[in-house]
Amino acid sequence: MMTKLSEITEVIRSKNAGPYELTFDIMFKDYTWFEKVCKAKVINEQLICDIYRIKREDIINIVEFYPAKAIKVTIKRPIPSGSLGETDVYGAQQHGPLLGLAFDL
C-alpha cells in the first residue's frame with residue numbers, strides 16, 4: 001500500500017536559508033513514521049534531484065533531526081532570491097512537489 005508523505009506529517013514547508021539556498025522541513029506526526037521513513041531512506045539525494053531537477057552537487061545537506069521528528073533538506077537556489085526571473089522571493093512555495101510524494105513502506 002502506498003503511503004502519502006502529506007498523510008504522515010504535521011508540516012511540510014519550504015523557506016529561504018539565505019538568498020542562495022532553500023530549505024525544506026518535513027515534520028512527522030509521530031516517531032514511528034519518522035523512524036520508518038529514515039530507516040528506508042525515502043528522502044534521499046536521488047529523490048530530491050529527481051523532483052527538483054537538480055544535480056547532486058546542488059544538495060547542501062539532508063539531515064534527520066530526531067528531537068523534532070523532522071528531516072531537513074537544504075539545496076542551492078536555482079536563481080538567487082530577488083534576482084531577475086526569480087518567482088518566489090521567500091522560497092515559501094517550493095515544497096509543492098513533496099506534498100504529492102507517495103512511497104511503499
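The radius of gyration, taken here over C-alpha atoms, is compared with a globule rule of 2.2 Å times the number of residues to the power 0.38. For the 105 residues of the protein chain, a compact globule would have a radius near 13 Å, and the value of 14 Å found for the chain agrees with this. The model is a predicted one, and the description that follows concerns the arrangement of its elements, its charged side chains and a few individual loop residues.

The protein chain holds 3 helices and 6 strands, which follow one another from the N terminus in the order β-β-β-α-α-β-β-α-β. Along its principal axes, the C-alpha trace spans about 45 × 25 × 20 Å. Of the contacts in the chain with a separation of 6 or more, 59% are accounted for by residues 24 or more positions apart. Buried residues make up 35% of the 105 residues, while the area that the chain exposes comes to about 6,300 Å², of which carbon and sulfur atoms supply 54%.

Side chains of opposite charge can pair when their charged atoms come close. A search of the whole structure for such pairs finds 6 salt bridges, and among them are two that involve Asp25. In one of these, the side chains of Arg13 and Asp25 meet at 2.9 Å, N to O. Arg13 lies in strand S2 (residues 9-16) and Asp25 in strand S3 (residues 21-28), so this salt bridge ties together parts that are 12 residues apart in sequence. The two partners differ in burial, because Arg13, at 34% relative accessibility, counts as partly exposed, whereas Asp25 is buried, with a relative accessible area of 5%.

In the other, the side chain of Lys15 meets that of Asp25 at 3.3 Å, N to O. This pair likewise links strand S2, which holds Lys15, with strand S3, which holds Asp25, across 10 residues of sequence. Lys15 is partly exposed, at 31% relative accessibility. Through salt bridges that share partners, Arg13, Lys15, Asp25 and Lys72 are joined into one network.

A further salt bridge is formed by the side chains of Lys41 and Glu64, with a distance of 3.0 Å, N to O. Here the parts that are linked are the loop between helix H1 (31-40) and helix H2 (45-52), where Lys41 is placed, and strand S4 (residues 59-65), where Glu64 is found, the two residues being 23 apart in sequence. Both partners fall in the partly exposed class, Lys41 with a relative accessible area of 45% and Glu64 with 27%.

Asp88 presents a contrasting case among the charged residues. Asp88 is placed in the loop between strand S5 (70-76) and helix H3 (96-99), and although Asp88 is buried, it has no salt bridge. The nearest side chain of opposite charge is that of Arg77, at 5.9 Å; a salt bridge would require a side-chain nitrogen within 4 Å of a carboxyl oxygen, so this pair does not qualify. The side chain of Asp88 does, however, reach the backbone nitrogen of Ala92 at 3.2 Å. When neighbours within four places in sequence are left aside, the residues in contact with Asp88 are Arg77, Gln93 and Gln94.

Val89 belongs to the loop between S5 and H3 as well and, at 40% relative accessibility, is partly exposed. Beyond its neighbours within four places in sequence, Val89 is in contact with Asn16, Arg77, Ser81 and Gly82. Val89 and Pro19, although 70 residues apart in sequence, lie 8.5 Å apart in space, C-alpha to C-alpha.

Two loop residues are notable for their backbone geometry. Most residues other than glycine have a negative phi. Arg53, which is not a glycine, nevertheless has a positive phi of about 50 degrees; this residue is placed in the loop between H2 and S4 and is exposed, with a relative accessible area of 79%. Lys69, in the loop between S4 and S5, also has a positive phi, near 50 degrees, but at 22% relative accessibility Lys69 counts as partly exposed.

Technical notes. Residues are numbered from 1 along each chain as its sequence is written. This is a predicted model: local features need pLDDT of at least 70, side-chain atom pairs count only at pLDDT 80 or more; totals for chains, interfaces and linings use all residues. Side-chain values use heavy atoms; hydrogens and water are left out. Helices (H or I, at least four residues) and strands (E, at least two) are DSSP runs, numbered from the N terminus. Buried means under 20% relative accessible area, exposed over 50%, partly exposed in between (1.4 Å probe, protein chains only). Lys and Arg count as positive and Asp and Glu as negative; His and the chain ends are not counted. A polar contact is a pair of N or O atoms within 3.5 Å; within protein, one must be able to donate a hydrogen and the other to accept it, and residues adjacent in sequence count only if both atoms are side-chain atoms. Contact means heavy atoms within 4.5 Å. Accessible areas come from the Shrake-Rupley method with a 1.4 Å probe; for residues, only the protein chains shown count as cover.
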